[in-house]
Structure formats: C-alpha cells, structure tokens
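Work through the following exercises with the sequence and the model side by side, and try each task before reading its solution.

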Amino acid sequence: MRDGSPTTTVEDVDLRAWLLAAHRDMRTRLDTAVSAKVPVDRWAETPPGGGSSITWLTLHLARHHDLALQTAIRNRAPLFVEHLPALGLDPARTSAGAGLTEREDETITASIDPAALLGYVAAVFDTTERWLQRLSAMAMDSIPDTGRRLVGLGGLDTDEFGWLIAMWDGRPVHWLVQWPLLGHANAHIGEAIAVRNRLGYNPF
C-alpha cells in the first residue's frame with residue numbers, strides 16, 4: 001500500500017478464514033456437545049470409572065488456550081487473573097499454574113462457579129476470535145520469547161511447570177496456534193464428550 005499500511009495478501013485471507021472456521025467449530029462443539037447437554041450441577045462430578053470432571057477439562061483447555069495466546073504470543077497477563085474472583089478462586093491463594101496440569105485439583109474444581117467458568121471460556125475464545133481476524137501469514141513464523149513471558153507475566157514456577165515452559169519455548173507462533181489453541185483444546189473437548197456419555201447424557 002502506498003500509504004505505508006500493511007498489504008493484505010491472498011495467503012492472509014485464506015489463513016484467517018481457515019483458522020477462524022476451525023476455531024469456531026471447536027467452540028461450537030464445546031457449547032453444543034458438552035455445555036448444553038450436561039446439567040451444571042454435574043460438571044464437577046468424577047465420571048464412573050474415574051477421570052477428570054467436565055469442570056476441570058473445560059478450565060484446563062481454556063487455561064492453556066489463554067496462556068498461549070495472551071502471554072506467549074501477545075506478551076500480556078492471562079485473562080485468568082482478572083476472572084479469578086468471579087470463578088470463586090481467591091487471587092491471594094490460587095497458584096498461577098492453577099488448571100494447567102492434566103491431573104485434576106479437586107479443591108479448585110469444587111470452588112468454581114459453572115456460570116463464571118463459561119464466562120471465562122467465552123472471554124478467552126472471544127479474544128482469540130478478534131486476534132485471528134487480524135492475523136497475517138508473516139506473523140505465524142515469528143518466535144516469541146515464550147519462556148520469559150510464561151515465568152514473568154504468566155507467573156509459572158520453573159520447578160513445577162518446567163515441562164510446559166520447555167515444551168512451548170522456542171516455538172513459532174504457528175505451532176502455538178496449531179497446538180495449545182486448537183489441537184490441545186480439541187483433544188480435551190473430545191474427552192469431555194466422552195465424560196458426558198459416561199454420565200448418561202449421550203444424545204444418540
């Protein structure tokens with residue numbers, strides 16, 4: 001562009017369209033296949049045979065999604081921080097890594113308000129939607145200073161979450177989009193659907 005503004009390429013438009021469609025499909029699956037099917041009073045319930053609750057799986061996928069976009073990519077504090085009081089979690093006593101582990105923390109699950117959890121998830125997905133609408137193909141190859149950001153803005157303890165820092169550090173933006181934002185979330189939505197079925201809410 002002659003005025004110095006960035007040029008939008010066909011690749012940018014195609015990339016945005018594909019990622020937005022994938023992200024919206026993921027969000028729809030969580031809303032229609034899980035949230036709308038299981039009564040909220042059973043979200044914190046451990047399914048028959050063991051495993052994670054729907055509350056934990058939903059929090060977990062949103063936490064990874066939030067931390068990857070807001071902190072690793074955008075160099076901002078995770079949205080989780082401002083949502084702590086509404087979720088029912090004490091900001092002074094809740095670890096910065098709450099919800100990030102695969103293993104469920106039942107004390108956290110028991111404290112979470114389902115309506116507030118849906119509000120947090122919506123805020124995370126809305127933020128991602130807006131970011132994807134402006135994403136350029138060129139930005140996807142950049143490598144953010146993820147390790148420093150996860151410790152600084154993310155507040156992660158290097159001893160407890162060194163595995164996550166090592167997994168994400170040095171990765172380009174396209175990997176963070178492909179895995180924490182989409183792949184990881186889709187995997188746990190599939191798990192939540194399985195829990196839905198085990199709780200007796202299979203619609204088929």
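Three exercises follow, each with a worked solution.

This is a predicted model, in which local features need a pLDDT of at least 70 and side-chain atom pairs count only at pLDDT 80 or more, while totals for chains, interfaces and linings use all residues. Residues are numbered from 1 along each chain as its sequence is written, and side-chain values use heavy atoms, with hydrogens and water left out.

**Exercise 1. Confidence**

Task: Find the average pLDDT of the chain, and decide over which residues the pLDDT is below 50.

Solution: Begin with the pLDDT, the predictor's confidence in each residue, from 0 to 100; the chain averages 94, and 95% of the residues score at least 70. Next, turn to residues 1-5, where the pLDDT is below 50 and where the model has two contacts (heavy atoms within 4.5 Å) beyond near neighbours in sequence. Where pLDDT is low, the predicted coordinates should not be read in detail.

**Exercise 2. A helix pair**

Task: Describe how the axes of α2 and α5 cross, and classify the residues of their contact.

Solution: First locate the helices (DSSP runs of H or I, at least four residues, numbered from the N terminus): α2 covers residues 54-73 and α5 residues 114-132. Their axes, which are lines fitted to C-alpha atoms over the stretch in contact, with angles from 0 to 180 degrees between N-to-C directions, come within 10 Å and cross at roughly 35 degrees. Then list the contact, to which α2 contributes residues including Leu 69, Gln 70 and Ile 73, and α5 residues including Tyr 120, Thr 127 and Trp 131. Finally, sort these residues into eleven nonpolar, six polar and two charged, where Ala, Val, Leu, Ile, Met, Phe, Trp, Tyr, Cys and Pro count as nonpolar, Asp, Glu, Lys and Arg as charged, and the others, Gly among them, as polar.

**Exercise 3. Three residues**

Task: Is each of His 60, Thr 127 and Asn 75 buried or partly exposed?

Solution: Apply the cut-offs of relative accessible area (buried under 20%, exposed over 50%, partly exposed in between; 1.4 Å probe, protein chains only). His 60, in helix α2, is buried because its relative accessibility is 1%, and its contacts, leaving aside neighbours within four places in sequence, include Glu 102, His 184 and His 188. Thr 127, in helix α5, is also buried, at 9%; leaving aside neighbours within four places in sequence, Thr 127 touches Leu 69, Gln 70, Arg 74 and Leu 79. Asn 75, in the loop between α2 and α3, is partly exposed because its relative accessibility is 35%, and Asn 75 has a positive phi of about 60 degrees although it is not a glycine.

Terms used: Helices (H or I, at least four residues) and strands (E, at least two) are DSSP runs, numbered from the N terminus.
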